[in-house]
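This briefing introduces the structure shown below to a reader who has not met it before. A lead section comes before bullet points grouped by topic.

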Amino acid sequence: MPGAADLLPLSVAVPLLGAALLAAAGRWLPRTARDALAGCCALAQVLCLAALWVRTGDGVSVSWLGGWRPVAGSSVGIVLAADRIGVLLALVAAVLVLAVVGYSWRYFEEPAGRRGGVYPALLLLFSAGMCGFALTGDLFDAFVFFELMGAVAYALTGFRIEDPRPLQGALAFGIVNSLAAYCSLLGIGLLYARTGELGLAQLGRALDARPPDALVRCAFVLVLAGPLVKAAAAPFHFWLPDAHAVAPSPVCMLLSGVMVELGVYGAARIHGTVFAGPGGVPADAARPVLLALGVGTALVGAVMCWQQRHLKRLLAFSTVGHVGLFLASFALLTPAGAAGAAVYLAGHAGCKAALFGLCGVLLDRFGSVDEPGLFGRGRELPFTAVLFALGGLALAGLPPFGTGLGKALAEDAAGAWSWWLPALYVLVSAVTGGAVLRACARVFGGWGRHPAEHPDEPETTGEGEEPEVRDPTRPLPLPVLAVPAVLLAACLAIGLWPPPARQLAAAAARFTDRAGYLDAVLHEAAALPALVAPPAEWTARGLLLGLLSAVLACALAAAALRGPLPAPAWSRHPVRALRRLHSGLLGDYVTWLLVGLAGLLAAIAALA
């Protein structure tokens, strides 16, 4: 088996090579050969990353590309450096790309001729960008990989160029994310001008040797602009539901399943490695700002999720809500918080990707994902209904799903800081899971009063949604049901099988060990000191809170089937105002990007 130093670049090179082959020869290959080639490349990447997980162990794998190792502590080379949390994100991305390749096997009819092979090539290029970002040890290369990922995501979002709506969604996605990328690049330039370094470890060491100043704090906010926009943290999240509403369902599986989580990981990695020292933005300043950002994101996502009737927008806003929970867990800046976020993230990836895949089934059969328009029409799809209901319960944190275990670990970590943080996890999980269960009952069971009988009910319609198939009368392709079932089974396995959670908890302890990361990259330490891993088992409290959030989700769904839920008078105006902010206007989204960055900078300046 190759060593970790060889597996790191190989994990990025394999999908890049596959994408190049498909782009060059795809037009001459039959559809089956193109799909088989894409599947083989995706599988090879998964195997490389699985081997890298084993080889990395409780340490940090480092590879200096081209042999350009540091001299006297400085280097001009490209470094890939990964602990197990980074490998986890890369592995989740590769597994979901493999799942999407299988899901799309007979889902799309890709145009022949000059565009033949474009879709699987874009998937592999997307995988290379995500994997490279998770494994890089260089800030500028992180920016490059992130923008590669973003550019491919724009193309995949607007893949159906014959329809103007995906192009509009891709345009908003591209402009907002590109503006954030320019901010990140400006922040990288400020850091390079101040330190003369671009490596994460080198930047961290250089800042440790200097007193903190306003330029470094400004660079911190600017650099985090890209990851936070990709993560769809409020108020940078507006592009996400618009893009999900028009993107093909397999693409949504990747956007919500792993890309936004990579944004949270990037923010945590950059702060923890570069800025967490005495010359950057210490924990006392970063924790309350990032925690407030996570709490606000979670509440915005939950409130907006409940308002939706377009199922893909509903799931997109639920992603925003859960991103807030991940961000709040990482913001604790403790091994226990990182462990909860890691397990939660792994379970959420399988659950959310499965739910978007099931939305693809509805588009395949009925050409719509509008909840009232599909009222009772899903009765002919009992297996899909069961999977959709299980996905809703997993989203609500029901034990023993992996989402429930991650939620329980995060609640335990958060409870050590504040009594109300665990209540936030229960509330957001219950509301987002309840929205999915409400839609499941209406679409697949025809339960409750028809939503059209409630003209005052807030809604975002899905009218005009185009089927994602060429011939809706054909038999339902097997992969579009098999892939979501396997992803939900993986989510369940994370909660039932103890070893993965324990390994992720140990990985979280290493992730928060800044000194160990710097030592491994700068001095190529062969062995790092052993760390005490936080607990990663079910507890009675975690089980009870998981059951509570699942019961609340079912109760909310049942109440909604009887009519619109009564809202306290004090909440009506803020909710209406929040809905109006999601205007769909690109200028508004850019404005909120600038407002959010200004707010972060003001908060950091006040606390640092």
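Which residues have the most contacts inside the largest nonpolar core? In this predicted model, they are Phe126, Leu135, Trp239, Leu262 and Leu362, within a core of 210 residues. Helix H13 (residues 335-366) supplies the largest share of this core, with 20 residues.

**Overall form**
- The chain contains 22 helices and 2 strands.
- The radius of gyration of the chain is 23 Å, which agrees with the value near 25 Å for a compact globule of 608 residues.
- Along its principal axes, the C-alpha trace spans about 70 × 60 × 45 Å.
- Of the 608 residues in the chain, 62% are buried.
- Among contacts with a separation of 6 or more, 83% are between residues 24 or more positions apart.
- The chain has an accessible surface of about 21,300 Å², and carbon and sulfur atoms account for 69% of that surface.

**The core and helix H13**
- Leaving out residues up to four places away in sequence, phenylalanine 126 touches Met149, Val152, Ala153, Leu156, Leu254, Leu255 and Met259.
- The 32 residues of H13 should span 46 Å at 1.5 Å a residue, and the end C-alpha atoms of H13 are indeed 46 Å apart.
- H13 is mostly covered, as 29 of its 32 residues are buried.
- Glycine 367, just after H13, takes a positive phi of about 65 degrees.

**Proline 241**
- Proline 241 lies in helix H9 (residues 239-246).
- With a relative accessibility of 1%, proline 241 falls below the 20% limit and therefore counts as buried.
- Apart from neighbours within four places in sequence, proline 241 is in contact with Arg313, Ala316 and Phe317.
- Proline 534 is 293 residues from proline 241 in sequence, and their C-alpha atoms are 35 Å apart in space.

**Cysteines**
- The whole structure has 0 disulfides.
- Cysteine 131 is too far from any other cysteine for a bond, because the closest cysteine sulfur, in cysteine 48, is 9.0 Å from its own sulfur, whereas a disulfide requires sulfur atoms within 2.5 Å.
- Cysteine 131 is buried, with a relative accessible area of 0%.
- For cysteine 305, the closest cysteine sulfur is in cysteine 359 at 11 Å, which is also too far for a bond.
- Cysteine 305 likewise counts as buried, at 0% relative accessibility.

Conventions. Residues numbered from 1 in each chain as written. Predicted model: local features only at pLDDT ≥ 70, side-chain atom pairs only at ≥ 80, totals over all residues. Heavy atoms only, no water. Helix = DSSP H or I, 4+ residues; strand = E, 2+ residues; numbered from the N terminus. Buried < 20%, exposed > 50% of the residue type's maximum accessible area, 1.4 Å probe, protein only. Contact = heavy atoms within 4.5 Å. Core = buried A, V, L, I, M, F, W, Y, C linked by side-chain atoms within 4.5 Å. Expected span 1.5 Å × (residues − 1). Rg over C-alpha atoms; globule rule 2.2 N^0.38 Å. Areas by Shrake-Rupley, 256 points an atom, 1.4 Å probe, with all protein chains shown as cover.
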